[in-house]
Amino acid sequence: MSGRPRGLRPGMSSLLDELATNATFHERLFGGPTGVAATMSLVDLLAYEFAWVVDAAPTTLRFAAGGAVSVFVQWLMDRGRQPAADVVAEVVEAISAVAGPGLHEPTAPDNASPPAWLRPS
């Protein structure tokens, strides 16, 4: 997708903007019977994005993505009481702590294929 935000902070800020813009839909999506599937899909999406900025094993990427999704869904359910920029900063700090020196600027072009571990079998 050409022109999408690149890197942890811009990408997650864009995601929170989308969640807030369509808050009622997303609250129903994550809180309803599709909640688990929607959450796992979002974890996979973030793990894919994190793979371009964090040198880590797939399990570590999914762990970081799962934590980020948990924070984002809670932020959504709280109706954004905390500014989105603060939430993103906290999540980036947490990912930086997990990734350590493995965190770097995005390395893949916009049209890159997902890593093999993330592609459906």
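The following dialogue explains how to read several features of a predicted model.

User: I should like to begin with the overall architecture. How many helices and how many strands does the protein chain have?

Analyst: The model is a predicted one. Its protein chain contains five helices and zero strands. In sequence order, the elements read α-α-α-α-α.

User: What share of the residues is buried, and what does the accessible surface of the chain come to?

Analyst: Of the 121 residues in the protein chain, 35% are buried. The accessible surface is about 6900 Å², and carbon and sulfur atoms contribute 58% of that area.

User: How should I read the contacts with regard to separation along the sequence? What percentage joins residues 24 or more positions apart?

Analyst: Among contacts with a separation of 6 or more, 71% are between residues 24 or more positions apart. Particular pairs illustrate such separations. D17, in helix α1, is 67 residues from A84 in sequence, while their C-alpha atoms are 7.8 Å apart. P10, also placed in helix α1, is 75 residues along the chain from A85, with 9.7 Å between the C-alpha atoms.

User: Are D17 and P10 buried, exposed or partly exposed?

Analyst: A residue is called partly exposed when its relative accessible area lies between the cut-offs of 20% and 50%. D17 has a relative accessibility of 47%, so it counts as partly exposed. P10 is likewise partly exposed, because its relative accessible area is 39%.

User: Let us turn to a single helix. How does one read the faces of a helix, and which residues of α2 are buried?

Analyst: The general idea is that an α-helix has 3.6 residues a turn, so residues three or four places apart point the same way. Helix α2 spans residues 23–31, and its buried residues are A23, H26, E27 and F30. Viewed down the axis of α2, these buried residues fall within an arc of 105°, and therefore they line one face of the helix. F25 and R28, on the other side of α2, are exposed.

User: What covers the buried residues of α2?

Analyst: The cover includes α1 (8–21), α3 (35–50) and α4 (58–77). H26 offers a closer view of one residue in helix α2. The relative accessible area of H26 is 9%, so this residue is buried. Leaving out residues up to four places away in sequence, H26 touches E18, L19 and L76.

User: How is the packing of two helices described, and at what angle do the axes of α1 and α2 cross?

Analyst: Two packed helices are described by the angle between their axes and the distance between the axes. Here the axes of α1 and α2 come within 5 Å and cross at roughly 95°. The two helices, α1 and α2, are therefore roughly perpendicular to each other.

User: Which residues meet where α1 and α2 are in contact?

Analyst: From α1, the participants are E18, L19, A20 and T21; from α2, they are A23, H26 and F30. By character, the residues of this contact of α1 with α2 comprise four nonpolar, two polar and one charged.

User: Finally, I should like an example outside the helices. Where is G102 placed, and is it buried or exposed?

Analyst: G102 is in the segment after α5 (84–99). Its relative accessible area is 9%, so G102 is buried. Apart from neighbours within four places in sequence, G102 is in contact with V53, V54 and D55. G102 and D55 are 47 residues apart along the chain, and their C-alpha atoms are separated by 4.6 Å.

Methods
Residues are numbered from 1 along each chain as its sequence is written. This is a predicted model: local features need pLDDT of at least 70, side-chain atom pairs count only at pLDDT 80 or more; totals for chains, interfaces and linings use all residues. Side-chain values use heavy atoms; hydrogens and water are left out. Helices (H or I, at least four residues) and strands (E, at least two) are DSSP runs, numbered from the N terminus. Buried means under 20% relative accessible area, exposed over 50%, partly exposed in between (1.4 Å probe, protein chains only). Contact means heavy atoms within 4.5 Å. Accessible areas come from the Shrake-Rupley method with a 1.4 Å probe; for residues, only the protein chains shown count as cover. The arc is that of the directions from the helix axis to the C-beta atoms. Axes are lines fitted to C-alpha atoms, for helices over the stretch in contact, and angles run from 0 to 180 degrees between N-to-C directions. Angles under 35 degrees count as roughly parallel, over 145 as roughly antiparallel, 65 to 115 as roughly perpendicular and the rest as oblique. Ala, Val, Leu, Ile, Met, Phe, Trp, Tyr, Cys and Pro count as nonpolar, Asp, Glu, Lys and Arg as charged, and the others, Gly among them, as polar.
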